[in-house]
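Me: I would like to learn how to read a residue's surroundings and a sheet from a model. Could you take me through an example, step by step?

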Amino acid sequence: MQTEYRQRREQLMAKIGSGTAIFRSAPTAVMHNDVEYVYRQDSDFFYLTGFNEAQAVAVLAPDHPEHQFILFVQPKDPEKEVWNGYRCGVEGAKELYGADAAYSIAELDEKLPQYLEKAACIYYHLGRDHHFNNKILQHYQNLLLSYPKRGTGPTSIVDAGTVINNLRLYKSKTELDLIRQAVEIAAEAHDHALKNATPGRYEYEIQAEIEHIFRLRGGMGPAYPSIVASGANACVLHYIENNCKMQEHDLLLIDAGCAYGYYNSDITRTFPVGGKFTPEQKALYEIVLAAQKQAIAEVKPGNSFHAPHNAAVRILTEGLVELGLLKGEIDKLIAEEKYKPFYMHRTSHWLGLDVHDVGVYQYGENPQILQAGQVLTIEPGLYIVPNTKPAEDQPEIDPRWVGIGIRIEDDVLVTQDGNEVLTAKVPKEIKDLER
């Protein structure tokens, strides 16, 4: 992996030219009082370094005569390491992570200016660490003040995301291997849930079994808080309470993905707890499945990022009209977004180191064009939310539909000649979901 991290740094440095890029590690987060959450490194920082400790800064300075990759890290401290785990230390930053130079994080203010004073600009993302933001801004202001004396130094700060996000958008073979493993583990967990979710059990029991498999198979754990939503709970898009008892005629919507080696899967399946869809559930499910299949067919090089969403919306709207939940001319209903009370989210997002991974979706009026190496989700749904009030020109909602929530989500790789559904082995056909 160190070869790959080095190649990524070289790619980024080729793009920033005479600039200097600064990346900050993720802060530690407190769960309660003095108990911390399990540490999760900042994705950009990890993408470039593979370094998984807090209180660290990575600097990329392609024009520096000696040091192009510099790490500032916590120094070795045997007493603290007994309590909080081993540290790589300054020497380890060079030996294990390939830094040209490494310093204690305490030396940042002293050493950083030498990597900035001849840079044309600073590449840095102003994130949520306001203290560190201010530190970088102060260095920038100091260099601006001394610019007339030297005639060199940064005269602007550019968001580092404008460079690194596009690199992260295209997945290497190594990255795809990690995503495939995250998918493989999550697929086993979803299959287990399908076979073990029965009336009378609680949502949290199924969550526990899913997440048990994530860890048992070597995953880091859930890629995001697992959604295990039965009945009307499935109409809450980010339902995570997972505390209700499942009933015979409920659908169970499970949106759960595994994190593996920092990469993520993101899968949703919806199936009948009692083993058989009701007629209303089946009718809505067939619409969502048809919409998803048509959306997946639109995932191919050269198509707009919005093409899968537009395809899904058309199928969903046509289905809602056929069932009498909407009325009117299809194109007009779509243009006026009359489908939104039943389908209020988008169909896709990028997937990778982050579940909602980085990458531009649209450049002004021009959408992102799908290209080989990108990974995105395809996840249409229909939600007949209780107490939804239809628009004035739309029919009242028949109570038999109310409380049904359905989403089907797959992870899809754009290939040279089309797509590969990475999550294809997870059942979604009605014949495979009923028993």
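Reply: Let us begin with one residue and its contacts, bearing in mind that this is a predicted model. Leaving aside residues up to four places away in sequence, T423 touches V183, I267, R269, D410 and D411.

Me: Where is T423 found, and is T423 buried or exposed?

Reply: The general idea is that a residue counts as buried under 20% relative accessible area. T423 has a relative accessible area of 0%, so T423 is buried; T423 is found in the loop between strand 21 (418–421) and helix 14 (430–433).

Me: One contact of T423 is R269; which residue stands opposite R269 in strand 14?

Reply: I254 stands opposite R269, and the strands concerned, strand 11 (residues 251–256) and strand 14, pair in the antiparallel sense over 6 bridges.

Me: What is the order of the strands in the sheet, and which strands stand at the edges?

Reply: To read a sheet, one follows the pairing from strand to strand: here an open sheet of 3 strands, with antiparallel pairing, has the order 10-11-14. Strand 10 (227–230) and strand 14 (267–272) each have a single partner strand, so one side of each is left without a neighbour in the sheet, and these two stand at the edges. From one strand to the next, the twist averages 10°.

Me: Which helix packs on the sheet, touching strand 11 and strand 14, and which helix lies across strand 10 and strand 11?

Reply: Helix 9 (residues 173–196) touches strand 11 and strand 14, and its direction makes about 10° with that of strand 14, whereas helix 10 (residues 203–216) lies across strand 10 and strand 11, running at about 150° to strand 10.

Key: Residues are numbered from 1 along each chain as its sequence is written. This is a predicted model: local features need pLDDT of at least 70, side-chain atom pairs count only at pLDDT 80 or more; totals for chains, interfaces and linings use all residues. Side-chain values use heavy atoms; hydrogens and water are left out. Two strands pair if DSSP finds at least two bridges between them. Helices (H or I, at least four residues) and strands (E, at least two) are DSSP runs, numbered from the N terminus. Axes are lines fitted to C-alpha atoms, for helices over the stretch in contact, and angles run from 0 to 180 degrees between N-to-C directions. Contact means heavy atoms within 4.5 Å. Buried means under 20% relative accessible area, exposed over 50%, partly exposed in between (1.4 Å probe, protein chains only).
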